Amino acid sequence: MTVYLVGAGPGDPDLLTVKGARVLAAADVVVVDRLVDRRVLEPIGPGALVVDVGKTAHDGASWRTQAAINELLVAHGRTGALVVRLKGGDPYLFGRGAEELAALVDAGIEVEVVPGITSALGVLALAGIPATLRGVASSVTIVSGHSADGAETKWRHIARAGGTLVLLMAVANRMRIATQLMEAGVSATTPVAVIERGATPYERRLASTLGELGDLHVEAPAVIVVGDVASHLVRSDSEAVLSAALSPTE
Ligand SMILES: C[S@@+](CC[C@H](N)C(=O)[O-])C[C@H]1O[C@@H](n2cnc3c(N)ncnc32)[C@H](O)[C@@H]1O
């Protein structure tokens, strides 16, 4: 039997692919991450075993190591059960999907990847931000803001690339990242958009600039967009409705 590595998309269950929903409905075992929106689990049948391997991000600690998750997948895969490994967004983008695939392949288990809509593009699109835009941004760089290794060099290179910069896992380090980008020549007035918990009922959209990013109140999980396309951010429906209600009528 095949183990499916499935991308759950950014939150809204309607953004799960048709194939993802189909294999979830047929699954005997579903191994799910913390960032996966619980509404995405609805297609799972009542008889399926759901194993939550959610990790806590606060101190980087996890109640299950990646090695333990790999072993769990291999163990269930060997039983011949239909196993779905459900991961937030796309399984590969900062998702360690490749490590899990390698562990399964090494164990002689067949694996199929079902891509998902990554937060790095989908959450932007929902908020009105085109990652690339003719005449404005001809490239997009997606970077993890989490790793501290070689940080200074990394941000200097990234600043030189131009185009749109999409930062994931960057909430805690946003001040340092903004400073390093500005030191590398990116203007403090560069538009920034922050989308917290995109594609969920708790979504928050914030417009700012690189110079102000460090002082902005932001909670994870969030996607941070740096570049001219960030000025395309549209306010969320609730804010628009509120402001319409407050506007004087003619
Ligand atoms: C470990 S990475 C996994 C990314 C995932 N594989 C993807 O393709 O979206 C987790 C980071 O993705 C971003 N993220 C994931 N879901 C999000 C959402 N619904 N709204 C905003 N950011 C999200 C945040 O930056 C979060 O810290």
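What share of the 250 residues in the protein do buried residues make up? The figure is 46%. Keep in mind as you read that this is a predicted model. The protein has eight helices and 10 strands, and this briefing visits a sheet, one strand inside that sheet, one helix and the surroundings of a ligand.

**The protein as a whole**

- The accessible surface of the protein comes to about 12,600 Å², and carbon and sulfur atoms account for 55% of that surface.
- Take the contacts in the protein with a separation of 6 or more: 66% of them are between residues 24 or more positions apart.

**The five-stranded sheet**

- Here is some background to start with: strands of a sheet pair through backbone hydrogen bonds, and the pairing can be parallel or antiparallel.
- In this model, five strands make an open sheet with parallel pairing. Reading across the sheet, the order is β3-β2-β4-β1-β5.
- The edges of the sheet are β3 (49–52) and β5 (111–114), and each of these strands pairs on one side only.
- From one strand to the next, the twist averages 20 degrees.
- Strand β2 (residues 29–32) runs parallel to β3 and is joined to β3 by four bridges. If you want to find this pairing in the structure, look for Val32, which stands opposite Asp52 in β3.

**Strand β4 and its neighbours**

- On one side, β4 pairs with β2 in the parallel sense over four bridges. Val31 has Arg85 of β4 as its bridge partner.
- β4 also pairs with strand β1 (residues 3–7), which runs parallel to β4 and is joined to β4 by five bridges. Here Leu5 stands opposite Arg85, so you meet Arg85 in both pairings.
- How many of the five residues of β4 (residues 83–87) are buried? Five of the five are.
- In a regular strand, the side chains alternate between the two faces of the sheet.
- In β4, one side carries Val83, Arg85 and Lys87, while Val84 and Leu86 are on the other. Both faces are covered, and these residues are all buried.

**Helix α4**

- Which residues of helix α4 (residues 119–126) are buried? They are Ala120, Gly122, Val123 and Leu124.
- These buried residues of α4 pack against four strands: β6 (140–144), β7 (164–168), β8 (191–196) and β10 (222–226).
- An α-helix has 3.6 residues a turn, so residues three or four places apart point the same way.
- After α4 comes Gly128, which has a positive phi, near 90 degrees.

**Around the ligand**

- There are 18 residues around the ligand, and those that come nearest are Leu93, Thr118, Ser119, Gly198 and Ala222.
- Helix α4 and strand β10 each supply at least two residues of the shell around the ligand.
- Which side chain has an N or O atom 2.7 Å from an oxygen atom of the ligand? That side chain belongs to Ser119.
- Backbone atoms take part as well: a backbone N or O atom of Pro10 lies 2.9 Å from a nitrogen atom of the ligand, and a polar backbone atom of Gly88 is 3.0 Å from a nitrogen atom of the ligand.
- On its own, the ligand has 570 Å² of accessible area, and the protein covers 88% of it.

Terms used. Residues are numbered from 1 along each chain as its sequence is written. This is a predicted model: local features need pLDDT of at least 70, side-chain atom pairs count only at pLDDT 80 or more; totals for chains, interfaces and linings use all residues. Side-chain values use heavy atoms; hydrogens and water are left out. Two strands pair if DSSP finds at least two bridges between them. Axes are lines fitted to C-alpha atoms, for helices over the stretch in contact, and angles run from 0 to 180 degrees between N-to-C directions. Buried means under 20% relative accessible area, exposed over 50%, partly exposed in between (1.4 Å probe, protein chains only). Contact means heavy atoms within 4.5 Å. A residue is near a molecule or strand if one of its heavy atoms lies within 4 Å of it. A polar contact is a pair of N or O atoms within 3.5 Å; within protein, one must be able to donate a hydrogen and the other to accept it, and residues adjacent in sequence count only if both atoms are side-chain atoms. Accessible areas come from the Shrake-Rupley method with a 1.4 Å probe; for residues, only the protein chains shown count as cover.
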